[in-house]
Amino acid sequence: MVFFTDVWEKRPIKKIASVNGGKDYKHLNKGDIPVYGTGGYMLSVDQALSQEDGIGIGRKGTINSPYILRAPYWTVDTLFYVIPKGTQDINFLYAIFQRVNWKKYDESTGVPSLSKQTINAVEVTTPTQAEQELIGTMFKQLDNLIAVNQRKLSTKTRNKKFRT
């Protein structure tokens, strides 16, 4: 068993990640690179906006549902993509992004909205890189286990409906 005794540090997101804006994809050709918006996958194009894994978080619309983006990908202008800086672990950063109440930072009077400046200013607490990797791996394994069990449950439910 591994024990960590280092104190976690509170810092703004801008110190641990780069927040990048998505762009219009309509000038691109069809291809194998997925394009993501706030609702998830949209279509595929022939160029990537990023070659690094990141976290997608809505700029407009669905701002409270971050998700992992596996490189290569393109994001539209309503979706930010956040790239961990230096040795920051993406799985740990994703777990942090899931815990932030992004609706609390909504800047709109209509459609929910976030700005790059707002995301950058949100303060989060992070451990050392080694501890981040261990925690991030644990959360990823839990997410995978949950997904497998949800698929099993879904299959059982479908099979049960066909038998009745």
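**Exercise 1. Place and exposure of Gly39**

Between which two strands does the loop that holds Gly39 lie? Work with the predicted model, and state whether Gly39 is buried or exposed.

Solution. Step 1: Gly39 sits in the loop between β3 (30-37) and β4 (40-45). Step 2: its relative accessibility is 78%. The cut-off for exposed is over 50%, so Gly39 counts as exposed. Step 3: for a distance across the chain, take Pro66, which is 27 residues away from Gly39 in sequence; the two C-alpha atoms are separated by 10.0 Å.

**Exercise 2. The open sheet**

Give the strand order of the open four-stranded sheet, and identify the strands that stand at its edges.

Solution. Step 1: the order reads β2-β8-β5-β6, and the pairing is antiparallel. Step 2: β2 and β6 (67-69) each have a single partner strand, so each is an edge strand with one side left without a neighbour in the sheet. Step 3: on average, neighbouring strands of this sheet are turned by 35° against each other, direction ignored. Step 4: the β5 and β6 pairing is antiparallel and runs over three bridges. Within this region, Gly54 stands opposite Leu69 in β6. Step 5: helix α2 packs on the sheet and touches β2, β5, β6 and β8. The direction of α2 makes about 20° with that of β5.

**Exercise 3. The nonpolar cores**

Describe the largest nonpolar core and find which element gives the most to it.

Solution. Step 1: the largest nonpolar core has 22 residues, and those with the most contacts inside it are Ile13, Ile57, Val82, Phe97, Trp102 and Ile119. Step 2: at least two core residues come from each of α1 (13-16), β2 (17-21), β5 (54-58), β8 (79-84) and α2 (90-99). Step 3: α2 gives the most, with six residues. Step 4: take Ile57 as an example. Leaving out residues up to four places away in sequence, Ile57 touches Ile63, Leu79, Phe80, Val82, Phe97, Trp102, Leu114 and Ile119. Step 5: a second, separate core has 15 residues, including Tyr25, Tyr36, Leu49 and Trp74.

**Exercise 4. Two residues of α4**

Decide whether Glu131 and Gln132 are buried or exposed, and list the contacts of Gln132.

Solution. Step 1: Glu131 lies in helix α4 (residues 129-163), and Gln132 is also placed in helix α4. Step 2: buried means under 20% relative accessible area. Glu131 is buried because its value is 11%, and Gln132 is buried because its value is 2%. Step 3: beyond its neighbours within four places in sequence, Gln132 is in contact with Gln88, Asp89, Phe92, Thr126 and Pro127. Step 4: with Gln88 there is a polar contact between side chains, at 2.9 Å.

**Exercise 5. Aromatic pairs**

How many aromatic pairs does a search of the whole structure find? Classify the pair of Trp8 and Phe92.

Solution. Step 1: the search finds six aromatic pairs. Step 2: Trp8 and Phe92 are 5.8 Å apart centre to centre with 75° between the planes, which is edge-to-face. Step 3: this pair links distant parts of the chain, with Trp8 in the segment before β1 (9-12) and Phe92 in helix α2, 84 residues apart. Step 4: Trp8 is partly exposed at 36% relative accessibility, whereas Phe92 is buried at 4%. Step 5: for Tyr73 and Tyr81 the ring centres are 5.8 Å apart and the planes are at 80°, so this pair is edge-to-face. Tyr73 and Tyr81 are both buried. Step 6: ring pairs also link Tyr36, Tyr41 and Tyr67 into a cluster.

Methods: Residues numbered from 1 in each chain as written. Predicted model: local features only at pLDDT ≥ 70, side-chain atom pairs only at ≥ 80, totals over all residues. Heavy atoms only, no water. Core = buried A, V, L, I, M, F, W, Y, C linked by side-chain atoms within 4.5 Å. Buried < 20%, exposed > 50% of the residue type's maximum accessible area, 1.4 Å probe, protein only. Contact = heavy atoms within 4.5 Å. Pairing = 2+ DSSP bridges. Axes fitted to C-alpha atoms, helices over the stretch in contact; angles between N-to-C directions. Polar contact = N/O pair within 3.5 Å; in protein donor to acceptor, adjacent residues only side chain to side chain. Phe/Tyr/Trp six-rings, centres within 6.5 Å; stacked < 30°, edge-to-face > 60°.
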